[in-house]
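Thanks for coming. I will take a few minutes on one model that is new to most of this group.

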Amino acid sequence: GTMPTGSISIAYFFPMLKIADFLKVGLKVKILLADLHAALDGVPWELLESRTNYYKKAIILILKTIGVDIKKLEFVKGSDIQRDGKYFEDVLKLSMVSSVRDCKKSASEVVKMSDNPKLGNLIYPVMQALDEEYLNVDIQYAGLDQRKIMVYARENLPKIGYKPRIELMSPMIRGLIGEKMSSSVEATKIDLLDSEESIKKKINGAECIEGDPNNGIMSLLKHLIMILKMDKKESLIVERSEKFGGNIKYSSYEEIENYFKAKRLHPLDLKNTVSKELIRLLKAFREDKEITGLHKKAYS
């Protein structure tokens with residue numbers, strides 16, 4: 001599930017790589033476009049439809065870019081299942097076995113919440129738990145930031161007669177600045193539609209201390225760029241002038257990290273390489289008139 005809030009960042013490639021794995025082994029995958037959840041997180045109601053349309057088209061292009069067959073992929077708009085009378089009845093049932101503390105705690109890493117949260121913020125985890133039942137799924141897959149809501153679902157769905165599901169989580173892509181790459185914090189992310197100049201500027205400004213691999217540049221290499229390279233049986237070429245040792249080829253992320261830790265690979269060379277790879281990867285998004293048009297409507 002994903003709620004159509006901020007403009008999509010390149011971090012979306014990471015969960016889509018795992019969804020590609022699910023599709024390749026024959027699983028039927030549903031992606032919930034959680035428009036009502038987005039409203040509960042503060043997106044204006046009049047923008048829900050345009051943002052939902054943009055998210056759907058962008059996700060499809062991400063999957064096509066990484067070369068996956070999407071015949072077994074189904075998109076479900078949240079409001080199509082969540083406005084059902086039985087669903088609302090279950091929201092009330094689940095609310096009667098859930099405390100304010102439980103709802104606030106479970107949603108704390110996902111929803112923009114103050115010390116005195118809106119009632120809608122507290123309804124959010126109740127609805128996400130019920131989505132598992134109403135989507136008729138066996139597994140829910142999400143980022144590690146969703147773990148508290150997943151625990152809430154496993155503990156509370158049985159209280160109203162529904163089975164707990166298998167919950168799968170993946171780590172979050174580190175931000176270019178700070179811990180988390182966020183669609184709502186511009187400085188931390190590369191947007192799918194960023195220009196070549198913007199990508200270069202953001203990558204050049206990213207945190208990257210020589211010898212320390214704990215940064216967003218290395219995270220992009222580990223969780224995205226080198227995954228794509230290895231899937232295609234390609235190597236990463238770092239271009240350097242002869243006076244700095246000439247070009248160097250890497251066949252795995254581990255090689256890159258070892259060189260970086262040993263200070264045999266300079267942060268600037270790494271940044272230049274990552275910029276080129278991302279510019280190439282995102283070319284299709286910048287050139288897709290339908291996607292750029294949908295984005296303008298959703299975010300202008």
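I will start with the whole chain, then go to one helix, one buried residue and a few exposed positions.

Before anything else, please keep in mind that this is a predicted model.

Let me begin with the secondary structure. The protein has 14 helices and six strands. Its radius of gyration is 21 Å, close to the 19 Å that the globule rule gives for 300 residues, so the protein is as compact as a globular protein of that length. If you lay the C-alpha trace along its principal axes, the spans are about 70 × 40 × 40 Å.

How much of the chain is buried? Of the 300 residues, 51% are buried. On contacts, I count those with a separation of 6 or more, and 73% of these join residues that are 24 or more positions apart.

Now the outside. About 15,100 Å² of the protein is exposed, and carbon and sulfur atoms supply 53% of that area. As for charge, there are 49 positive side chains and 42 negative ones. The centres of the two sets lie 1 Å apart.

Next, please find helix 9, which covers residues 196–204. Which of its residues are buried? They are I199, K202 and I203. Looking down the axis of helix 9, you see these buried residues fall within an arc of 95°, so they line one face of the helix. On the other side of helix 9 you will find E197 and K201, both exposed.

What does the buried face of helix 9 pack against? Its buried residues pack against helix 10, residues 216–231, as well as helix 12 and helix 13, the last of these being residues 283–286.

That brings me to helix 12, residues 267–281, and to L278, which lies in it. Is L278 buried or exposed? L278 is buried, with a relative accessible area of 0%. Setting aside neighbours within four places in sequence, L278 is in contact with I10, I190, I199, I203, L220 and I225. Two names in that list should be familiar: I199 and I203 came up a moment ago as buried residues of helix 9. For a distance across the model, take L278 and E46. They are 232 residues apart in sequence, and their C-alpha atoms are 33 Å apart in space.

Now two loop positions with a backbone angle to look at. One is N136, in the loop between helix 7, residues 119–134, and strand 3, residues 139–143. N136 has a positive phi of about 55°, although N136 is not a glycine. N136 is exposed, with a relative accessible area of 62%.

The other is K263, in the loop between helix 11, residues 253–261, and helix 12. Here phi is positive at about 60°, and K263 is not a glycine. What is the relative accessible area of K263? It is 53%, and K263 counts as exposed, because the cut-off for that is over 50%.

One last position is E155, in helix 8, residues 147–156. E155 is exposed as well, with a relative accessible area of 52%. Along the chain E155 and A129 are 26 residues apart, and 9.8 Å separates their C-alpha atoms.

To close, if you go back to one place in the model, make it L278, buried at 0% relative accessible area and in contact with residues including I199 and I203. That is the end of my part.

Definitions and conventions:
Residues are numbered from 1 along each chain as its sequence is written. This is a predicted model: local features need pLDDT of at least 70, side-chain atom pairs count only at pLDDT 80 or more; totals for chains, interfaces and linings use all residues. Side-chain values use heavy atoms; hydrogens and water are left out. Helices (H or I, at least four residues) and strands (E, at least two) are DSSP runs, numbered from the N terminus. Buried means under 20% relative accessible area, exposed over 50%, partly exposed in between (1.4 Å probe, protein chains only). Contact means heavy atoms within 4.5 Å. The radius of gyration is taken over C-alpha atoms; the globule rule is 2.2 Å times the number of residues to the power 0.38. Accessible areas come from the Shrake-Rupley method with a 1.4 Å probe; for residues, only the protein chains shown count as cover. Lys and Arg count as positive and Asp and Glu as negative; His and the chain ends are not counted. The place of a charge is taken as NZ of Lys, CZ of Arg, CG of Asp or CD of Glu. The arc is that of the directions from the helix axis to the C-beta atoms.
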